[in-house]
Structures are given as C-alpha cells and as structure tokens.
Amino acid sequence: MEVVEQILHMNGGVGQTSYATNSSLQREVISNTRPTLDESITIYCNKVLPKCLRIADLGCSSGPNTLTAVSNIFDIIEASCQSLNINSPTFQVFLNDLLGNDFNVVFRSLSSFYEKLKKEKGDKFGPCFITAMPGSFYGRLFPNNSMHVVHSSSSLHWLSKVPKGLVDDQTGEAHNKGNIYITKTSLAVVFKSYLDQFQKDFTNFLRYRSEEMNIIEAKCLDDYNVPLYFPSAREVKSLIEKEGSFCIQKLNTFEIAWDAGFTTINNNEKHKSGKYVSDYIRAVMEPILVKQFGETIMDELFDRFANKVNESMANEKWNHVNLVISLIKN
C-alpha cells in the first residue's frame with residue numbers, strides 16, 4: 001500500500017500529456033452527477049447550516065476539474081441561502097489526494113478562483129478558505145466529527161494496493177497470465193482477489209468517513225441521558241406531605257410560551273423564534289453535552305434543534321409548565 005501511495009498520481013503540469021489537459025471525461029462525470037449533488041446539498045441546507053461549513057473533496061487531482069465540485073457546492077448553497085433568506089456560512093475546503101499529486105498546480109489556481117468567486121457572488125458570500133490534505137482516503141484524514149460535506153468523483157475505483165492472491169503461493173505462477181487486469185480469460189481467483197480488495201478498501205473508506213463526519217454516534221447517544229426531571233404538581237405535593245417538615249401555603253402552576261420574551265418586527269422573522277429558544281437552551285445545556293459529545297458538533301446540534309423547534313411550533317403550541325410553591329416549616 002505504501003508503494004502505491006507514493007507512485008499513484010495523475011500526470012502533473014499543464015503539458016500535452018498532463019491530466020490537466022486530458023480530463024474532459026472526468027468533467028463530464030461531474031456534470032452528470034450535478035442533479036444528485038444539487039438535491040443532497042439542498043436537503044442538507046434545509047435541515048442545518050453550520051456557521052463554518054467544512055467540505056472535503058477526496059481524490060481532487062490537479063487541473064481544471066479540481067475546484068469544479070467545490071464551485072458547484074458553493075452555487076447550490078448560495079441558492080439555498082437566498083431562498084431561506086439567511087447569510088451563507090464561512091467555508092473551509094480540504095482538497096485531498098495522494099502525496100504525489102501536483103498540488104502546486106492547484107495552489108497556483110487558487111488566486112484566480114478566489115477572484116472569480118468574489119466577482120460572481122460578492123463580498124457577502126463566504127469567506128472561503130481552501131487547503132490541501134494529502135493522504136490516502138482509505139485511512140483517516142480528519143479529526144472526529146469535524147466534516148460536514150464529503151465529495152468524491154472518479155476516484156473510488158482505485159484500490160489501495162494490488163490485490164493479494166494473484167500469484168500461486170506454492171508454485172509462484174501468475175494466475176492472470178498475459179493480462180494486467182481482469183479480462184474474459186482471467187481465472188475466478190483473479191476476480192475474487194480484486195473483489196476482496198475492493199470490499200476491504202471501500203469498507204475502510206465508509207468507516208473512516210463515518211468517524212470524521214459531524215454527527216453523533218448511536219452508541220454515544222444511547223449511553224447518555226439528560227439529568228432533568230419536571231415533576232407534576234401532584235408529585236411535588238405528595239413528597240412534601242410525605243416528608244412532613246413543611247406545610248403547603250400555596251402551590252400553583254402557570255404556563256409560559258417557549259418563545260416568551262421573543263419579539264418580531266414582522267412575520268418574516270418568525271423563523272428566528274427557533275433560534276431564540278435554541279440559544280437559551282444551549283446556554284444551559286451545552287457544558288454537559290460537550291462532556292459527552294465533544295465541542296465540534298455543538299453548532300450543528302443547536303442549529304438542528306432550532307429548525308426542529310420552528311417546525312414543531314408551527315403545528316402546535318409549546319408551553320413551559322412552572323410550579324410556584326410557598327412552604328411554612330411545621
């Protein structure tokens with residue numbers, strides 16, 4: 001695997017035989033997958049949009065296609081933000097490929113990309129910060145729960161290494177004589193060796209991306225319970241009487257809306273009430289949530305919560321039930 005990581009890269013530079021000059025086919029692939037990208041990113045934006053959106057393009061190579069997917073994602077997010085009447089987030093983009101990739105070509109293209117971005121989208125979009133992340137995407141690339149959007153095109157068909165089992169262990173004879181890849185004449189063992197290697201690689205790819213993307217793991221969630229309990233008036237009254245040290249002078253209940261204290265200038269600002277609720281819940285709950293789930297997911301968690309509050313409050317009335325108790329010692 002180490003050898004493959006060191007030697008596998010597209011032809012660098014911008015010459016006649018370079019990948020930059022000969023990558024129109026890959027550009028067509030990106031173009032044909034745009035509708036799926038559009039749908040996926042739009043759905044994501046409607047659910048949650050963190051203040052800093054971290055994007056990774058895995059297998060970016062170098063040349064005119066390198067920033068195409070990133071540019072497409074920016075276009076989709078800009079349209080979503082305009083339809084939702086919200087500001088676009090800050091963008092942090094990681095361009096990934098193996099160590100031999102011609103990142104110098106990529107870096108030289110960034111200045112013109114930034115200028116084009118500013119000209120087309122204006123100063124209110126972004127800002128955007130682009131960096132390289134060299135390494136194999138069949139291993140870990142990013143910290144836990146750090147990424148929001150991961151994209152890869154024309155890359156995952158590459159294996160991490162030449163499959164094992166293509167040579168007979170006892171005789172040393174090649175199983176795929178006369179071929180450098182799978183053909184109609186290849187033996188069943190050759191097909192199996194390639195499939196086995198793909199299964200290992202793709203499983204690793206999925207496992208490592210799941211660790212890096214910004215969402216709470218099921219077990220981590222299952223193991224956590226919030227240390228809160230809101231008793232009814234009857235439960236409180238019963239315990240006071242059972243304990244016996246106090247008599248109840250007054251025990252009343254009253255309700256207050258979850259967004260009490262939030263005021264809107266017009267109906268267009270009603271969606272901000274979810275953010276208002278989310279902010280005061282965050283002020284109370286964040287320290288104990290960080291202990292269990294870490295800091296990196298907090299922005300996204302409470303952005304999602306704000307959206308959930310808006311959805312719920314549009315369909316039903318949310319009220320806090322409060323107890324007012326006055327006790328006299330016996």
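Let's start with strand 1, residues 52–58. Six of its seven residues are buried, so the strand is largely enclosed by the rest of the structure. Keep in mind that this is a predicted model.

Who are the neighbours of strand 1? On one hand there is strand 2, residues 90–96. Seven bridges join strand 1 to strand 2, and the two run parallel. If you want a residue pair to look at, take R54 in strand 1. Its bridge partner in strand 2 is Q92. How does the chain get from strand 1 to strand 2? The route goes through helix 4, residues 68–84. That β-α-β crossover is right-handed.

Strand 1 also pairs with strand 4, residues 149–152. This pairing is parallel too, over four bridges. Here the pair to look at is A56 with V150, V150 being the partner in strand 4.

A word of background on strands and packing. In a regular strand, side chains alternate between the two faces of the sheet. And in soluble globular proteins, nonpolar side chains tend to be buried together.

Now the core. The largest nonpolar core has 28 residues. Which of them touch the most other members? F74 and I77 do. Several elements give two or more residues to this core. They are helix 3 (34–47), strand 1, helix 4, strand 2, helix 5 (103–121) and strand 3 (128–132). Helix 4 supplies the largest share, with six residues. So remember helix 4 for two things: it carries the chain from strand 1 to strand 2, and it gives the core its largest share.

Next, charges. The count of salt bridges comes to ten. I'll show three of them.

The first to show is D75 with K121, at 2.5 Å from N to O. This pair links distant parts of the chain: D75 sits in helix 4, K121 in helix 5, and they are 46 residues apart. Are the two partners buried or exposed? D75 is partly exposed, because its relative accessible area is 27%, above the 20% limit for buried. K121 comes in at 13%, so K121 is buried.

Then D196 with K192, at 2.8 Å from N to O. Both are in helix 6, residues 188–212. Because they are four residues apart there, about one helical turn separates them. D196 has 26% relative accessibility, so D196 counts as partly exposed.

Last of the three is E212 with R209. The closest N and O atoms are 2.8 Å apart. These residues are also in helix 6, three residues apart, so again about one helical turn lies between them. Both E212 and R209 are buried. And this pair belongs to a network: R140, R209, E211 and E212 are linked by salt bridges.

Finally, the surface. Which residues form a nonpolar patch there? V226, L228, F230 and I288 do. Together they have about 410 Å² of accessible area. I288 lies in helix 9, residues 272–293. With a relative accessible area of 35%, I288 is partly exposed. A patch member needs over 30%, so I288 passes that cut-off.

To recap: strand 1 is largely enclosed, with parallel partners in strand 2 and strand 4. Helix 4 gives six residues to the largest nonpolar core, and its D75 bridges to K121 in helix 5. That's it from me.

Notes:
Residues numbered from 1 in each chain as written. Predicted model: local features only at pLDDT ≥ 70, side-chain atom pairs only at ≥ 80, totals over all residues. Heavy atoms only, no water. Buried < 20%, exposed > 50% of the residue type's maximum accessible area, 1.4 Å probe, protein only. Pairing = 2+ DSSP bridges. Right-handed = clockwise from strand over helix to strand, strands pointing away. Patch = residues over 30% accessible without salt bridge, like charges linked within 9 Å, V, L, I, M, F, W, Y side chains within 5 Å. Areas by Shrake-Rupley, 256 points an atom, 1.4 Å probe, with all protein chains shown as cover. Salt bridge = Lys/Arg side-chain N within 4 Å of Asp/Glu carboxyl O. Core = buried A, V, L, I, M, F, W, Y, C linked by side-chain atoms within 4.5 Å.
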